[in-house]
Every structure is written in C-alpha cells, then in structure tokens.
Amino acid sequence: MLRRIKTKYIWALLILFSVSSLLLHKSTVFAAADKTAPKLTLTASTKEPTNGKVKVTAKATDSSGIKSLKWASGKRTAAYFKSAGTTLKINSKNTAAVSFSANKTYTFYALDKAGNATVKTITISNIDTIEPKLAIALSTLKDTKGNVVLALTVTEEGKGIKSLQYMTGNRKTENFTETTKEIVLTNSTDDTQKDLYTYTGKLTVTRNNTITFLLKDLAGNTVLKTVKISNIDKTAPVFSYTLSTQEPINKSVEVTIKGEDNESGIASAYYMSGTKTSADFTKGAYETAELKEDGTGSFTATANGTFTVLLKDKAGNETIGSVQVSNIDITKPTLSLSSSVMNQKATVTSSAKDASGIGKIKFIKGSNTSVSSAKWDTAKDITSSKNFTATGSGTYSVMAEDKAGNRIIKTIEIQLELKAVWISYLEFANYGKNGFTKATFEKTIDTMFDNVVDLKMNAVVVQVRPFGDAMYPSAYFPWSKYASGTQGTSPGFDPLAYMVEAAHKRGLAFHAWLNPYRVTTGSTDYSKLSKDNPARVWKEDKDTSNDRNVLSFNNNLYYNPAVKEVQDLIVNGIKEIVTNYDVDGIHFDDYFYPALGSNYKKNFDSQEYEAYSEICKKNNITPMTIANWRRYNVNTMVRNAYSTIKKIDKSVEFGISPGGFIDSLASDQSYYVDVKTWLSSDGYVDYICPQLYWTFSHATYPYDKILKTWLSYRTSSTVKVYVGIATYRSGSNIEKDWLNDPNVLKNMVEYGRDTGLVDGYMFFRYDFFYNKTTKPGVDLMLEIL
C-alpha cells in the first residue's frame, strides 16, 4: 500500500515540472515580443496652495517590468534621460516619490525592460512661500473725539488670502483661534496670471488700544502685525478754578482756571460773564484765557457774578465750567448810631451792616470825617462791644470798616444832659388868641425855637393834645381850638409837622406832650365840644354801653381809665403820632386820675370796679383793692403805650412827668400813679421827670431830700430821671426862698448834677424865661447851662 502511494506522488511531481518548464519557455517568447511603453501616472500630494513642498508620486507599470524611473525639471524628451535626469528608487509597488519646493514643470521618464520608454510632465503651481503684506492706515493721526477707522490693504503675491483676524492687545500667533474676530475683506484687484491679489477692509476703533492682526493666505503664510491707536479722546476736560482771594475785597479778583485732560491735552479756554451754554460762545462774544503749559490760565473779575468758562481739548471735547465770584465788595457799609444817657454818661451804640461783614469799628472824640485819616489807626476799637461810653458832651466820630476794606464814618452829637423847655397850650393861647394862620404859626414857632436855642436848651416838650384834642390832623381826636380857634375846625395846615421840622432844623429834640385822660376843665358841657370829639360822640349816640367812657368829676370831664375802649383810644392816638411824625419822644404830664378824696371808693369809676369785683367773685378770684385796681388801669395804659411806641420806633422815648409829691402819688385817694413800679421795672417808661417845684427850705418837700427819695426808687437800669424845674416860681412869693434867693434855680441844677444820677432838666415853662419877675433867677441859672 505504501509503495503504491509513493509511486503516485512521484508521477505528480514529474507532471508539475514538465508544465513549469513549458510556461517558462513561453514567457521568454512573450518578453522578446514587448514593444509597449510603460504606463506612467503622476500624482501631486496636494493641489491646494501650500507654503511647503509638493510631493509627486510616480507610478510606472509594464508587462515586461520597469527598468528605471527618472525625473528632471522642465519639459524634457526621452532622449534627454538617456544621459541625464535623476533616478528614482522604485519600491515594490513600482512607485517612487520626489518632493519639490518650487513651482515648475517637471518631466518624469519610465523605461521598461523591453526598452520602451514613457515621458510625462507635471506642473507644480500651488507652492506659495511669499508672505502677504498688510498695510494699515489710520483715518486720522490727529487727536479726535470720534472713532478711528483703520483702512486695511492686503497685497498677496500667491494664491490668495484665507483670512484677516484681529484681537485687542499685543498678541502672538498662537493666541488666535478659529473663533477670533475676522475682518471682511473685499477683493479689489486680481491678476491670476501673475498671482497678484489686492484686498481691502476696515476696522472702526472706538477707544484707544493696541490691535493685533493675523493675516493668513491660502498657502498658510501668516503675517502678524500690531497697530497702536492713542489719538482717540472722548473724555471732556476736567475744569477747576481758584480765586486770588476768597476773603472780602474792595477791588478786582484774579480767577485762575485750570483744565486737565490726560488724553489729548487742553487746547483752549474761553470765558463769558453770566450763565451761558456752549452755543453762546460765538465769535466776538467771548474772551480768551491764555493757557500755560500746565493748562492754567486766568482772567480778572471786576464785579461779583457768575462767569462761564468753555474748555476745549485737542480732540474737540468741551466742558462748560461755572465760576462764582461773590467776595468783591466796593460798597460802603451802613452805619447808624444811637445813644442813651443814664447817670450823666452816654452809651453810644453802633449798628453796622455790610454784605461782606464788618471788620472793625472805632471811635474818636471830636469830628473826623476822613476815612484815610491816620487817627483811625490809634482810635479806640469797639468791634466786639459795638458801643462805648461817652463821659463828656460833644461830637463823637465812629468809623466802620467792612471786611473788604470799605469805610464809612458817622458822627453823633452827645448831650449828657437833657435841657428841655415845656411849651404848653397856654403859650399857644397867648400868641394865637383866636387860632393861627399858617404864616403866624410858623413865625411864632420860629421865634420860640430860636429863643430856646439861645437859652442853650437842646429839647422842647410841646403840648399837642391838651384836652382830648390834637394840634395835628388826627383820625381819633378833633382839631384843637389852640390851632384854629375852634375845636374841630382845621387850621388848614399841620402844626405838628412844622414844629418837628423846625425843632430838628435847629438841633432840638422834639417831645410830643399829651394829656391822656383830660377832656375839659371848669366845664362839663358836652355841647361845647366839637361834634367829632369822641367824648361828645359817646355821650350823644344811642349806645348806652359807652355812656361811661367819659366821667364828670369836680366840674371836669375825664376819659374813664377803667374802660378798654378808652385805653385803646389813647394808645391809637400815640400810634398815629409816632407813625406819622419824626418825634423824639412821647410825653405825659401829671393828669391821670383826679384827687378823689375820702369818698374815693364810691365815686368816679367805682361802678366799673364793682363790675370787676363781681367777675372775680364768680371765678373765685380775690379782687384787687379799688386803689390797686386803679393803679393797674393806669399801668396797663402806660405799658401798652410804651410797647406800641417801641414796636414802631425803638429810638422814640416815652416819659412821664408826675407831680413831685411822692407821698400823694402813693395815696389811695388820688392820682393812682405807680411811680415805684415805673422806676423799678423795664417796659413802662424810658424816663420819669418828677415836678420838684419846691425850694431847699420847703418844710414838706425840700428839694434836695425829695430828689434823693425819687432817685432811691429808681432801680431799673433803663429808666432815666429828669427833674422838672419851676422857672415860673422864681421871684414869686409862693415860698420865702423863691422870693428872696434868685440862686434857687441855679442851685437846683447844680445839686442835681452833683448827684451824678440826674440826666437832665425840664423847665416849666417857656414864657417864664422872659417874665420880669422870674428873669433874675432864670438868668443866673442860664449861666451854668
């Protein structure tokens, strides 16, 4: 069996060998017959633009096999390769590769084993190693408040541009990604024959920055380029200013302005007076402030006000600034002086006002009206106290200087001693027996007031309401018969207005003398009163509630002190005088309640007291005694009169001249004049002038002792004490000393002066300065006035 298998295997091998030999012989016959050129294919590694080498793969195939594979640059024939060309190494797949770095035409040559050859060319044109160019032009190189547009020009000598990207800041190529912002380019020119391309684009830059551009062409060449934009300035300049001084000044102020701009810098500054807008700064309407390198400039302000400054930076941004100048003061301060005398010393008070404030106040004794006088350098300074004490009569000069240096001077005449003459209705009755015309009245007043000045007096106390009437046109009281001759009839002129004017023209103070309650003396006949007299109106009207506004007592008529309507009438009468006339004082004399006697509890205004008492009882209040109630009525009227005067004009004095018999004034039976309260309290009177009409030897009221008593009651620091002197008694037989001693009047004044507490004297009355009987004593007194 084994022998049979081996025999079969041997026969198979013999058959296979025979077939192989036959095939080998047949191929030799085919090779010898190959006349076909090899097949050659050329493949470039890429046809896309590239900045690298292009690899060309050559593949040659032939039935007889490839003997060699060559290449050469340029277009070549097969004959060229017999002795030239670069041989390529063929791999097992009959391929070979070569890389080219230049755009050219390349020829490949393939030779088979039968000697057939093939030549094939390939042109490489997609190699681009030239970097594109990027040109950047700014829309402006000047400072601008707008945007800067970058004009981008790309030139490409290659295959074209792929992209132009940009990023802010200094960047590197690796910072750019596919999502980086890209510029849209417009292909403006093409020369594809020469591979030349031009692109344009733009980028609007809104703020200063560094922009980095990455330009890529299609071959992968890149250009990185940065541009710095630093001329954009959209920020307005910063304005500030300072004044050469902020203190008050009476001359011009230098205004220094400053503009700050950290970007483009300040270009110019202009200014105008007033509150303006930039539209107001037209040519010719403004002034230019020359600027220094540091951005400062200045202009001069000659008056207070608002100034508008327009700043411009080099980019054209504008700022409107406002300058306020309020410290220029070329106006003199206002200065007023007032004085009050107490205890023979005058307190002079200054009131100075100025917009810039008061810097100093000084005074000099004497008249000095020169603001530049060197005497003011050593004058007494009263800036803090605003007042000073004058211990001597005469002229004092006060200078006020405001904080800007403006000065004003006022002088004041100080009279430490009031020396006043009473001019009563009796003088008017004597010199105008049937009333006055305007001419006769003015002549009479001129004569009297001239004489008063010659008497060395400094004030007149003139009776302008003697009997509930008026020496002036009044809304409350009828015309006085001592003006026109008939009560209620106008004289056709204003006596009070002329008297005030005439007194002040002569340097005399004018005090209007009123009798508050007296309506008549020696008569109770209402029909003798004018029809517009309030006393008659109340009596005759049908209103019974006011029938007791006027009371009859001892054949005289009085306004009822207990009635509020009466009190209001008296106060309103005072109010109209102080309001309408430049009087220096309002003066009451000694007519208040009459002396009512021992039956005082049952007479006069006792009915009103009873009504008052009933009201008190109903309200469980203990009523005042009738005497104290009457004092209260007078005090109420006096206090209201004082407050009314001061509300209108604080400089107008209010004083009362009661009888000098101080014990009688305190009696429960008469007058009800509460002089102790008036002398010890503020808010009632400015002065008390007791009528001390007795000599030093009088048994009950010796002049020196009664004066000391009056002075002892004066505890208020605001109430002055004057003394009423009876010139009419000099030389009379009323007292022994009046008759025999002509020095009494003189001694009275000297004694008062010696106390150091009496601030003046009132002399009753005018006519008795020219009376034959009184003249010896009066003349001796005048020697010391």
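## Reading the barrel, the pocket and some local details

Author: Start with the barrel. Eight strands close on themselves in the order 29-30-31-35-36-37-38-39, and their pairing is parallel. This is a predicted model.

Reader: Take one pair from it. How many bridges join strand 38 to strand 39?

Author: Count the bridges, then check direction. Strand 38 (residues 720-726) and strand 39 (residues 760-764) share 5 bridges and run parallel. To fix the register, pick a residue and find its partner. Tyr 722 has Gly 760 of strand 39 as its bridge partner.

Reader: Now the helices outside these strands. Which strands does helix 13 lie across?

Author: Look for the strands it contacts, then take the angle. Helix 13 lies across strand 37 (687-688), strand 38 and strand 39. Relative to strand 38, the helix runs at about 155°.

Reader: At what angle do helix 13 and helix 15 pack, and how far apart are their axes?

Author: Read angle and distance together. Helix 13 (residues 703-713) packs on helix 15 (residues 744-755) at about 35°, and the axes are 11 Å apart. Then add the hand of the crossing, which is right-handed here.

Reader: Which residues make the contact?

Author: Sort them by helix. Helix 13 supplies Tyr 703, Asp 704, Leu 707, Lys 708 and Leu 711. Helix 15 supplies Met 748, Tyr 751, Gly 752 and Thr 755. By class, this contact holds 5 nonpolar, 2 polar and 2 charged residues.

Reader: On to pockets. What is the volume of the largest pocket, and how many residues line it?

Author: Take volume, then lining, then chemistry. The volume of the largest pocket is about 1,400 Å³. Its lining has 44 residues. Nearest the centre lie Ser 339, Ser 340, Asp 584, Ser 651 and Glu 653. Among the elements giving two or more residues to the lining are strand 29 (418-423), strand 31 (509-514), helix 10 (626-648) and strand 38. Strands 29, 31 and 38 also belong to the closed barrel.

Reader: Which strand gives the most to that lining?

Author: Strand 22, with 6 residues. That strand spans 334-342. As for chemistry, the lining divides into 15 nonpolar, 14 polar and 15 charged residues.

Reader: Compare an open sheet. In what order do its 3 strands come?

Author: Read the order across the sheet, then find the edges. The order is 32-34-33, with antiparallel pairing. Strand 32 (518-520) and strand 33 (550-553) are the edges, each pairing on one side only. The average twist is 35° from one strand to the next. Between strand 32 and strand 34 (residues 556-559) there are 2 bridges. Thr 520 stands opposite Leu 557 of strand 34.

Reader: Backbone next. Is the peptide bond from Phe 764 to Arg 765 cis or trans?

Author: Start with the usual case. Most peptide bonds are trans, and most residues other than glycine have a negative phi. The bond from Phe 764 to Arg 765 is cis, with omega near -5°. Arg 765 sits in the loop between strand 39 and helix 16 (775-782).

Reader: And what is phi at Asn 94?

Author: Check sign and residue type. Phi of Asn 94 is near 65°, which is positive, and the residue is not glycine. Asn 94 lies in the loop between strand 4 (86-88) and strand 5 (95-100).

Reader: Last, separation. How far apart are Thr 123 and Ala 44 in sequence and in space?

Author: Set the two distances side by side. Thr 123 and Ala 44 are 79 residues apart in sequence and 9.3 Å apart in space, C-alpha to C-alpha. Thr 123 belongs to strand 7 (residues 117-123). Leaving out residues up to four places away in sequence, Thr 123 touches Lys 104 and Thr 105.

How values were computed
Residues numbered from 1 in each chain as written. Predicted model: local features only at pLDDT ≥ 70, side-chain atom pairs only at ≥ 80, totals over all residues. Heavy atoms only, no water. Axes fitted to C-alpha atoms, helices over the stretch in contact; angles between N-to-C directions. Helix = DSSP H or I, 4+ residues; strand = E, 2+ residues; numbered from the N terminus. Left-handed = near helix turned anticlockwise from the far one by under 90°. Contact = heavy atoms within 4.5 Å. Nonpolar A, V, L, I, M, F, W, Y, C, P; charged D, E, K, R; others polar. Pairing = 2+ DSSP bridges. 1 Å grid on protein atoms, 1.4 Å probe; cavity = no way out; pocket = protein on both sides within 12 Å on 5 of 7 lines; lining within 4 Å. Points joined across faces, edges and corners; volume = space filled by probe spheres on them.
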